[in-house]
Amino acid sequence: MPFHNCLFDHLLILDFETTSDGETHDYPFEVIQFSVVPYDVKAKTILEGHAFNKFVRPVVNPVLSKHCTEFTGIKQESLNAADTFLVIYKQFLKWLQKNGFQERHFAIVSDSRQDMWRIAQYQFRLVRETMPSMFRQWINIKRTFDDGLEDGQKNKLVGTSNMEKMLNYLGIEFSGRAHDALSDCLTLAAITQKILEMGCPVTINEMVCCSAIWRKQPMNMRQYANWRTDFQSATKIYERVLPLTIKVIRSYSASMYGVCPYCKKPPTVCGAVHKQPPREFYASLTEPCVFAKSAGYY
């Protein structure tokens, strides 16, 4: 019988911090902190001493905005001394190997869809690399948490973020600094451990996918006219601009690893070309979309 109602050997709690200017969501967000905290499912232990935590030097906007510095606590000097994303990613692969974390035997955990679907997908596009298999499916622990709630409880949760809502409900205190990726990972690891202790099944529940029926429908651009300043509206634009959208997975099996739920193709094929480009969005623009232009989407 599996321990903790989870079939994976390890859960890798991941969080990214990115560049931003605090003014517009039409921005080429780049990873500036890459943190992962492992959880040993069999031993039921957070492996804090084996954490991966690296600053990443941005390239598109190498100088941090005042907003970003204040929001993340990351100093410019730290990034000036850091390596760029692909170097850090290769260090991450070596870290996986050193610690015996094998693909298909671990799952990535995040507190929403944003880290994998938006941030990782966009970052790999910026460096013109294929989004790897290990980042194409993940456990959205907030979705897992919500699935375990009774009817009506979700609307009664207290907090302004997914993490804050889960912390308040589970009676866990946040430790460290908010918006520090390592602190967020440690807190999310405590949340994940608590959810496992409650007996909730924890498994892959989201994947990226190259096609969606709703993306075939025309956009009502008037509805999202303020997308550059409103994050919810901006997310609707990202959903169109990014080649890969999200598929909620209700029954994950190992055979699904790294394979698109729609085209059934591997990462080297799926997402290489946008199957549903938002031509009407691009045609409606009176000024270039920096988010799309920086990544070469149009």
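Here are some friendly notes on this predicted model, taken point by point.

1. **The annotated span.** A good place to begin is the record: UniProt, in an unreviewed entry, places the feature "domain: Exonuclease" at residues 10–201. In the model, the C-alpha atoms at the two ends of that span lie 14 Å apart. Helix makes up 38% of the span and strand 18%. Please keep in mind that such an annotation may be inferred rather than shown by experiment.

2. **The largest pocket.** If you plan to look at open space, start with the largest pocket, which has a volume of about 1,500 Å³. It is lined by 50 residues, and the closest to the pocket centre are Asp 111, Ser 112, Gln 114, Arg 118 and Phe 231. Several elements each supply at least two lining residues: strands β1 (10–18) and β8 (245–248), together with helices α1 (66–72), α4 (114–126), α5 (141–147), α6 (162–170) and α8 (231–241). By residue class, the lining of the largest pocket divides into 21 charged, 17 polar and twelve nonpolar residues.

3. **The largest cavity.** What about enclosed space? Searching the whole structure turns up two cavities of 30 Å³ or more. The largest cavity has a volume of about 40 Å³. Its lining consists of Phe 8, Arg 104, Phe 106, Ala 107, Ile 108, Met 134, Gln 137, Ile 204, Tyr 252 and Tyr 257. Strand β5 (residues 106–110) gives the most to this lining, with three residues. Eight of the lining residues are nonpolar, one is polar and one is charged.

4. **The second largest cavity.** This one has a volume of about 30 Å³. Around the second largest cavity you will find Arg 136, Met 207, Val 208, Gly 258, Val 259, Cys 260 and Cys 270. Its lining counts five nonpolar residues, one polar and one charged.

5. **Strand β5 again.** Val 109 also belongs to strand β5. Is Val 109 buried or exposed? Its relative accessible area is 0%, so Val 109 is buried. Along the chain, Val 109 and Ile 204 are 95 residues apart, yet their C-alpha atoms are separated by 8.6 Å. Ile 204 is also one of the residues that line the largest cavity.

6. **Aromatic pairs.** The ring count comes to 24 aromatic pairs. Phe 34 and Phe 85 form a stacked pair, with 6.4 Å from centre to centre and 15° between the planes. Phe 34 lies in strand β2 (residues 31–40) and Phe 85 in helix α3 (residues 85–98), so this pair ties together parts that are 51 residues apart in sequence. Since the cut-off for buried is under 20% relative accessible area, both partners can be placed with ease. Phe 34, at 0% relative accessibility, counts as buried, and Phe 85, at 4%, counts as buried too.

7. **A ring cluster.** Which residues do ring pairs link into a cluster? They are Phe 16, Phe 34, Phe 52, Phe 85, Tyr 89, Phe 92, Trp 95, Phe 101, Phe 124 and Phe 135. The stacked pair of Phe 34 and Phe 85 is therefore part of this cluster, if you go by the ring pairs that link its members.

8. **Charges over rings.** Two contacts deserve a look in your viewer. The charged end of Arg 118 sits over the ring of Phe 29, at 5.3 Å from the ring centre. Arg 118 is also among the residues closest to the centre of the largest pocket. Lys 293 lies over the face of Tyr 298, 4.6 Å from the centre of that ring.

9. **Helix α2.** Glu 77 has its place in helix α2 (residues 76–80). With 54% relative accessibility, Glu 77 counts as exposed. Glu 77 and Val 63 are 14 residues apart in sequence, and their C-alpha atoms are 9.9 Å apart in space.

10. **Backbone angles to check.** Most residues other than glycine have a negative phi. Against that background, Arg 128 has a positive phi, near 55°, and is found in the loop between α4 and β6 (137–140). Lys 264 likewise has a positive phi, near 65°. Lys 264 lies in the loop between β8 and α9 (279–284), and at 58% relative accessibility Lys 264 counts as exposed.

Definitions and conventions. Residues are numbered from 1 along each chain as its sequence is written. This is a predicted model: local features need pLDDT of at least 70, side-chain atom pairs count only at pLDDT 80 or more; totals for chains, interfaces and linings use all residues. Side-chain values use heavy atoms; hydrogens and water are left out. On a 1 Å grid over the protein atoms alone, a cavity is a set of points where a 1.4 Å probe fits but cannot get out, and a pocket is an open set with protein on both sides within 12 Å along at least five of seven lines; lining residues have an atom within 4 Å of a point. Grid points are joined across faces, edges and corners, and a volume is the space filled by probe spheres set on the points. Helices (H or I, at least four residues) and strands (E, at least two) are DSSP runs, numbered from the N terminus. Ala, Val, Leu, Ile, Met, Phe, Trp, Tyr, Cys and Pro count as nonpolar, Asp, Glu, Lys and Arg as charged, and the others, Gly among them, as polar. Rings of Phe, Tyr and Trp (its six-membered ring) pair if their centres lie within 6.5 Å; planes under 30 degrees apart count as stacked, over 60 as edge-to-face and the rest as tilted. Buried means under 20% relative accessible area, exposed over 50%, partly exposed in between (1.4 Å probe, protein chains only). A charge sits over a ring if NZ of Lys or CZ of Arg is within 6 Å of the ring centre and within 35 degrees of the ring normal.
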